[in-house]
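Hi,

Here is the structure I promised to pass on. Have a look at it first, and then read my notes on the empty spaces inside.

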Amino acid sequence: MLSGLLKDYSIFAPIQNGDNVEYDPITPATTGNIIYNHPKPSSPLKTFFLPVRENIFTTSNYKKRIIIGCPACDLAALSILDEIYLNQDYMDPVYSKHRKNTILIGTDCHSINEHCHCTSYGFNPWPEENADIILTEIGENIILKIISEKGQEFKDQHISLIQEANTKDHQIINDLREKTVKKLNEKNTDLPDYTITGELIAQSSENIWKKYSETCVSCGACSAICPTCSCFLFIERPEFEKVRSLDTCQYPGFERVAAGEDPLRPLEKRFRNRYMCKYVWKPQKFHSKACTGCGRCIEACIGKINKNDLFRELKQNLTVEA
């Protein structure tokens with residue numbers, strides 16, 4: 001079926017590349033290499049809608065595409081991106097076209113990675129929003145659940161070899177979900193939730209930010225790999241090129257203005273800014289959460305900074321003071 005769809009769609013799915021699992025373009029020869037129900041690919045789903053670099057003035061590559069294997073954390077992250085880029089007053093036409101031309105097939109997570117903590121922030125390890133279809137692999141069978149009108153239309157047009165899932169299949173799916181939730185809750189039992197984390201950050205002292213920023217090298221990997229961070233800058237080029245390029249508050253000079261003034265020049269202030277944005281300021285402006293607990297920022301950090309350890313220490317310090 002996938003081989004036939006390649007005539008009309010670009011298809012991307014998780015493929016094992018060495019130690020990493022990554023969204024890769026699918027060809028007829030690689031359809032059998034797709035990994036289903038893996039916790040998450042190394043790169044976030046946002047890169048399909050907000051590429052690292054894109055000429056938005058001349059972008060015309062809007063071929064229909066299918067992305068298979070989207071984990072719940074990545075799909076949930078699209079909610080805040082949609083709030084920002086599909087805002088009625090300031091809708092981004094390039095982002096909108098990418099969203100409309102993409103069919104998202106989400107998958108349950110049947111295992112967890114070391115730093116996964118989606119349940120701590122109120123998300124389940126299976127798709128509940130923004131997917132068109134949910135896919136679960138059980139033995140030799142693929143179970144599909146249609147979520148959106150786009151998903152229903154896709155099924156009606158392309159999926160003919162299909163039969164109703166039985167009660168046993170549903171029970172297997174529920175059992176797998178319960179096991180994954182149990183693993184996540186046991187691993188992150190002492191991690192504060194999203195709201196409390198914001199309160200802890202807002203009340204924190206400067207010392208803890210100096211402590212955790214000591215090994216920060218301002219590389220911006222944490223923001224670049226985050227599925228919800230979306231700061232960018234425009235690069236003007238000849239021939240009316242307007243390139244939107246990924247930017248991050250962790251780069252030196254991010255807030256530098258005329259005469260060289262820079263409120264984020266001190267490293268600890270720049271480091272803290274990202275957490276204030278995700279857990280304090282964005283909750284004041286948007287309905288969607290700005291962190292979905294994927295843990296990629298911890299995995300990508302060159303300085304080996306673990307934000308969850310930071311939050312645990314903030315929680316412990318508050319408990320001791322109380």
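**What lines the cavities**

Let's start with α9, which gives the largest share of the lining of the largest cavity, with 3 residues. Before you go further, keep in mind that this is a predicted model.

How many cavities of 30 Å³ or more does the structure hold? There are 5 of them, and I looked into two.

The largest cavity has a volume of about 170 Å³. Its lining is made up of 19 residues, and the ones closest to the centre are Cys216, Cys222, Phe271, Cys301 and Ile305. If you want to find the helices around the largest cavity, go to α8 (221–225), α9 (267–285) and α10 (296–300), as each of them supplies at least two residues of the lining. Sorted by class, the lining of the largest cavity comes out as 12 nonpolar, 5 polar and 2 charged residues.

Now for the second largest cavity, which has a volume of about 110 Å³. Which residues lie nearest its centre? They are Pro39, Cys73, Cys109, Cys116 and Cys118, out of 16 residues that line the second largest cavity. Here the elements to click on are α2 (72–85) and α5 (167–187), since at least two lining residues come from each. By class, this second lining has 10 nonpolar, 5 polar and 1 charged residues.

Try colouring the two linings in your viewer and have a look around.

Cheers

Note on methods:
Residues are numbered from 1 along each chain as its sequence is written. This is a predicted model: local features need pLDDT of at least 70, side-chain atom pairs count only at pLDDT 80 or more; totals for chains, interfaces and linings use all residues. Side-chain values use heavy atoms; hydrogens and water are left out. On a 1 Å grid over the protein atoms alone, a cavity is a set of points where a 1.4 Å probe fits but cannot get out, and a pocket is an open set with protein on both sides within 12 Å along at least five of seven lines; lining residues have an atom within 4 Å of a point. Grid points are joined across faces, edges and corners, and a volume is the space filled by probe spheres set on the points. Helices (H or I, at least four residues) and strands (E, at least two) are DSSP runs, numbered from the N terminus. Ala, Val, Leu, Ile, Met, Phe, Trp, Tyr, Cys and Pro count as nonpolar, Asp, Glu, Lys and Arg as charged, and the others, Gly among them, as polar.
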